[in-house]
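Reader: I am new to this structure and should be grateful for a close and connected account of one part of it. Please begin with the overall division and then proceed to the part itself.

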Amino acid sequence: MLAYTYTGPGRFALLDKPRPTLLSERDAVVRVTLASICTSDLHIKHGSVPRAVPGVTVGHELVGIVEETGSAVKTVLPGDRVAVNVETFCGECFFCRRGWVNNCTDPSGGWALGCRIDGGQAEYVRVPYADQGLTRIPDSVSDEQALFVGDVLATGYWAAGIAGIEPGSAVLIIGAGPTGICTLQCALLKNPGRIIVCDRDAERIAFVRRHYPDVITATPDTAADTVRRYSEHGGADSVLEVAGTPDTFRMAWELARPNAVVTIVAMYDSAQILPLPDMYGKNLTFKTGGVDGCKCAETLALIASGRIDTTPLITHTYPLRDIERAYDLFENRRGGVMKVAIKP
Ligand SMILES: [Zn+2]
Ligand SMILES: [Zn+2]
């Protein structure tokens with residue numbers, strides 16, 4: 001089968017590999033019907049994910065059809081359409097029992113798929129702990145609608161869930177890329193009074209304006225004034241930092257009101273400075289990433305009921321055999337790309 005593979009620092013290649021088989025009674029093999037490219041794939045390519053194993057098939061955002069299940073798998077059957085979770089988790093350890101699946105203590109726990117074990121930019125994928133890692137897709141939900149459930153939408157749902165957003169509150173979301181948009185959709189479910197989305201990219205701001213006319217937009221230059229104008233207590237009640245740069249990290253705590261919750265969704269390339277003397281007296285609460293992606297059934301139900309729709313994020317679709325072109329487009333942000341869907 002075709003499998004897009006991390007062959008070494010800076011290099012990916014589309015290789016012919018054997019189809020995966022069950023390695024444990026808790027595994028399932030899934031035939032991939034739609035996959036996507038994530039910024040984390042680019043981080044692997046460029047060597048900023050040291051734990052990524054050369055030779056691994058990349059891809060951790062996908063949907064498919066269960067082909068085969070191990071004898072201990074209870075929640076899915078061959079033939080079921082499923083969303084695949086980015087995280088591998090046992091469901092039984094101290095962290096899993098509390099819903100903190102990102103810190104599952106299993107040796108394969110956390111983000112393993114498409115990083116340390118073969119992922120889904122391929123025709124088939126083996127999913128460990130299939131009862132935890134797969135969620136059945138309702139019949140009324142298409143592959144396109146479900147594509148982001150396991151990764152970027154899981155991240156947005158998790159972030160909005162821990163950000164302390166109350167009805168009527170003023171929310172600042174920094175970053176309007178795919179994860180920022182998913183965060184925005186999930187924040188809207190909390191009925192905030194207003195949401196301000198900040199991005200420096202004019203195309204991304206235009207995307208927000210087109211799809212979310214009630215959301216207030218700002219650029220880094222106008223963000224401080226905009227937040228002041230649209231918040232009642234000197235800053236945003238909740239800030240979600242999804243952009244991941246030193247400037248946006250500073251903006252996140254500067255534009256938060258005293259006693260706000262600042263949720264750090266982004267992954268940074270380097271350490272950030274927390275200037276405690278400057279923020280003394282603001283009494284902020286910081287929440288740090290990453291996603292505990294164990295609420296896929298909830299997000300699929302919200303998609304089925306029409307309350308979440310991430311399909312506008314799919315701006316391009318490519319066949320798996322042309323995945324090089326898809327990466328080139330995604331990496332160089334050509335053609336107004338937000339997300340690329342890959343069809344095996
Ligand atoms: Zn990802
Ligand atoms: Zn666990």
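Into which domains is the chain divided? I should then like a close look at domain 2 (156-288), with its surroundings.

Author: The model is a predicted one. Its chain is divided into domain 1, which comprises 2-151 + 292-343, and domain 2, which comprises 156-288. The C-alpha centres of domain 1 and domain 2 lie 27 Å apart. To the contact between them, domain 1 contributes 14 residues and domain 2 contributes 11 residues. On the side of domain 1 that touches domain 2, the residues divide into 5 nonpolar, 5 polar and 4 charged.

The sheet may serve as a starting point for domain 2. An open sheet is formed by 6 strands, in the order S12-S11-S10-S13-S14-S15, and the pairing is parallel. Strand S12 (216-218) and strand S15 (285-288) stand at the edges; each has a single partner strand, so one side of each is left without a neighbour in the sheet. On average, neighbouring strands of this sheet are turned by 20° against each other, direction ignored. At one end of the order, S14 and S15 pair in the parallel sense over 4 bridges, and Ile 264 stands opposite Thr 288 in S15.

Strand S14 also holds a residue with a notable backbone angle. Asn 259 is placed in strand S14 and has a positive phi of about 70°, although it is not a glycine. In general, most residues other than glycine have a negative phi. Asn 259 has 13 other C-beta atoms within 10 Å and is therefore partly exposed, since the buried class requires 20 or more.

Helices accompany the sheet. Helix H6 (residues 178-188) is mostly covered, with 10 of its 11 residues buried. Among these buried residues are Pro 178, Ile 181, Cys 182, Leu 184 and Cys 186. The cover over the buried residues of H6 includes H5, S10, strand S11 (194-198), S13 and strand S17 (339-343). In the loop between H6 and S11 one finds Asn 191. Asn 191 is not a glycine, yet its phi is positive, near 55°. Asn 191 counts as exposed because it has 11 C-beta neighbours inside 10 Å.

Helix H9 (residues 246-254) has Thr 248, Phe 249, Met 251, Ala 252 and Trp 253 as buried residues. The buried residues of H9 pack against strand S10 (170-174), helix H8 (223-230), strand S13 (236-241), strand S14 (256-264) and helix H10 (276-279). Strands S10 and S13 thus recur in this account: they are listed against the buried residues of H9, and they are also included in the cover of H6.

The nonpolar interior leads back to both domains. In soluble globular proteins, nonpolar side chains tend to be buried together. Here the largest nonpolar core has 106 residues, and those with the most contacts inside it are Val 30, Leu 172 and Ile 173. Helix H5 (residues 152-162) gives the most to this core, namely 7 residues. Domain 1 and domain 2 each supply at least three residues to the core.

Val 30 offers a view of the surroundings in domain 1. Not counting residues up to four places away in sequence, Val 30 touches Gly 64, Ile 65, Val 66, Glu 67, Val 82, Val 84, Tyr 124, Val 125 and Val 127. Two of these contacts, Val 82 and Val 84, lie on one side of S5, while Arg 81 and Ala 83 lie on the other, and all of these S5 residues are buried. S4 and S5 pair in the antiparallel sense over 4 bridges, and the bridge partner of Gly 64 in S5 is Val 82. S5 also pairs with strand S9 (residues 134-136), in the antiparallel sense and over 3 bridges; there Val 82 has Arg 136 as its bridge partner.

The account closes just beyond the end of domain 2. Gly 290 is placed in the loop between S15 and helix H11 (296-304). A cis peptide bond joins Gly 289 and Gly 290, with omega about 15°. In general, most peptide bonds are trans.

Methods
Residues numbered from 1 in each chain as written. Chains lettered and ligands numbered in written order. Predicted model: local features only at pLDDT ≥ 70, side-chain atom pairs only at ≥ 80, totals over all residues. Buried ≥ 20, exposed ≤ 12 C-beta atoms within 10 Å, placed from the backbone. Helix = DSSP H or I, 4+ residues; strand = E, 2+ residues; numbered from the N terminus. Contact = placed C-beta atoms within 7 Å. Core = buried A, V, L, I, M, F, W, Y, C linked by C-beta atoms within 7 Å. Domains from an automatic or database assignment. Nonpolar A, V, L, I, M, F, W, Y, C, P; charged D, E, K, R; others polar. Pairing = 2+ DSSP bridges. Axes fitted to C-alpha atoms, helices over the stretch in contact; angles between N-to-C directions.
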